[in-house]
Amino acid sequence: MGLGQSKRHTGLPYAAGAGSTVAQPAQRGGRNEAIFFPDPAMPCRNYMKDGRCHRRNCDFAHEHTNLVRLLHILREAKQSISVCVFTITCNEIANELVSAHKRGIRVHVITDDDQSHSRGSDIQEFRKQGIRVQMDNSPSHMHHKFAVIDGRLLLTGSFNWTRAAVLENRENVLVTDNAALVQAFSKEFQRLSKEFH
């Protein structure tokens, strides 16, 4: 399978040249996917709602970009999303987490205290919405970039959850249901949650 093609889970088409690939499963039923950024543009909200955009000069993407793929993966959550990332300033991702919380999904965010006050940070909005947020409160940085969905699916890689990471940087997200990796990252999340109480 080449770049820009995916046959896993949603069946959604991807933009030509978009960077999402699916590795061959290591075991029957295994899930291993790599998503690469940057995207050519942020997704059009109108297009994402109903597949149509009526604006004449819309500069947003009218295709299923890699950010859209990431949002769809977050939307798969049935019980919980445990997020451990350095910073969150991408409103599309933040909105997806708030929507999950409103659907009754347990959303828990661990982040860096310095970055929580940076321009565009969505951390205070999460707190207003009732999402559990913990910060490291230390002179060093909480620099992880991973999430565990329902204790069964891991997202990890270089990708900061920011607009710049979506549009400008060479970034990656690995998506896997490898049980050993999911367990290791889940344990790290629990360890940090106890440490940062």
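Me: Is Phe37 buried or exposed in this predicted model?
Reply: Let's start with the cut-off: a residue is called buried when its relative accessible area is under 20%. Phe37 has a relative accessible area of 4%. That puts Phe37 in the class called buried.

Me: Which ring does Phe37 stack with?
Reply: A pair of aromatic rings is described by how far apart the centres are and by the angle of the planes. By the pairing rule, the model holds 2 aromatic pairs. In one of them the centres are 4.5 Å apart and the planes meet at 20°, and since planes under 30 degrees apart count as stacked, this pair is stacked. The partner of Phe37 is Phe159.

Me: How many residues apart in sequence are the parts that Phe37 and Phe159 tie together?
Reply: Phe37 sits in strand 2, residues 32-37. Phe159 belongs to the loop between strand 7 (153-156) and helix 5 (163-167), and Phe159 is buried, with a relative accessible area of 2%. The pair therefore ties together parts whose separation in sequence is 122 residues.

Me: What kind of aromatic pair do Phe146 and Phe185 form?
Reply: Here the distance is 4.9 Å centre to centre, with 70° between the planes. Planes over 60 degrees apart have their own label, so for Phe146 and Phe185 the label is edge-to-face.

Me: Which elements does the pair of Phe146 and Phe185 tie together?
Reply: Phe146 is buried, with a relative accessible area of 1%, while Phe185 is partly exposed at 23%. The two lie in parts that are 39 residues apart in sequence. Those parts are strand 6 (residues 145-149) and helix 6 (residues 179-196).

Me: Why is helix 2 described as largely enclosed by the rest of the structure?
Reply: Go through the helix and you meet buried residues including Leu67, Val68, Arg69 and His72. Helix 2 is largely enclosed because of its count of buried residues, which is 9 of the 10.

Me: Which side chain does Asn66 join in a polar contact?
Reply: Asn66 is found in helix 2, residues 66-75. At 1% relative accessibility, Asn66 counts as buried. A polar contact of 3.1 Å joins its side chain to that of Asp39.

Me: How many disulfides does a search of the whole structure find?
Reply: Cys44 is a good place to look: its closest cysteine sulfur, in Cys53, is 3.7 Å away, too far for a bond. A disulfide needs the two sulfurs within 2.5 Å. Cys44 is buried at 0% relative accessibility, and Cys53 counts as partly exposed at 22%. Over the whole structure, the search result is 0.

Me: What percentage of the residues of the protein count as buried?
Reply: Stepping back, the protein has 6 helices and 8 strands. It exposes about 10,400 Å², with carbon and sulfur atoms supplying 47% of that area. Of its 197 residues, the share that counts as buried is 51%.

Me: Where is the pLDDT below 50?
Reply: The protein averages a pLDDT of 87, and 85% of the residues score at least 70. One stretch falls below 50, though this stretch has 36 contacts in the model beyond near neighbours in sequence. Where pLDDT is low, the predicted coordinates should not be read in detail. The stretch to treat this way is residues 1-17.

Definitions and conventions:
Residues numbered from 1 in each chain as written. Predicted model: local features only at pLDDT ≥ 70, side-chain atom pairs only at ≥ 80, totals over all residues. Heavy atoms only, no water. Helix = DSSP H or I, 4+ residues; strand = E, 2+ residues; numbered from the N terminus. Buried < 20%, exposed > 50% of the residue type's maximum accessible area, 1.4 Å probe, protein only. Areas by Shrake-Rupley, 256 points an atom, 1.4 Å probe, with all protein chains shown as cover. pLDDT = per-residue confidence, 0-100. Contact = heavy atoms within 4.5 Å. Polar contact = N/O pair within 3.5 Å; in protein donor to acceptor, adjacent residues only side chain to side chain. Phe/Tyr/Trp six-rings, centres within 6.5 Å; stacked < 30°, edge-to-face > 60°.
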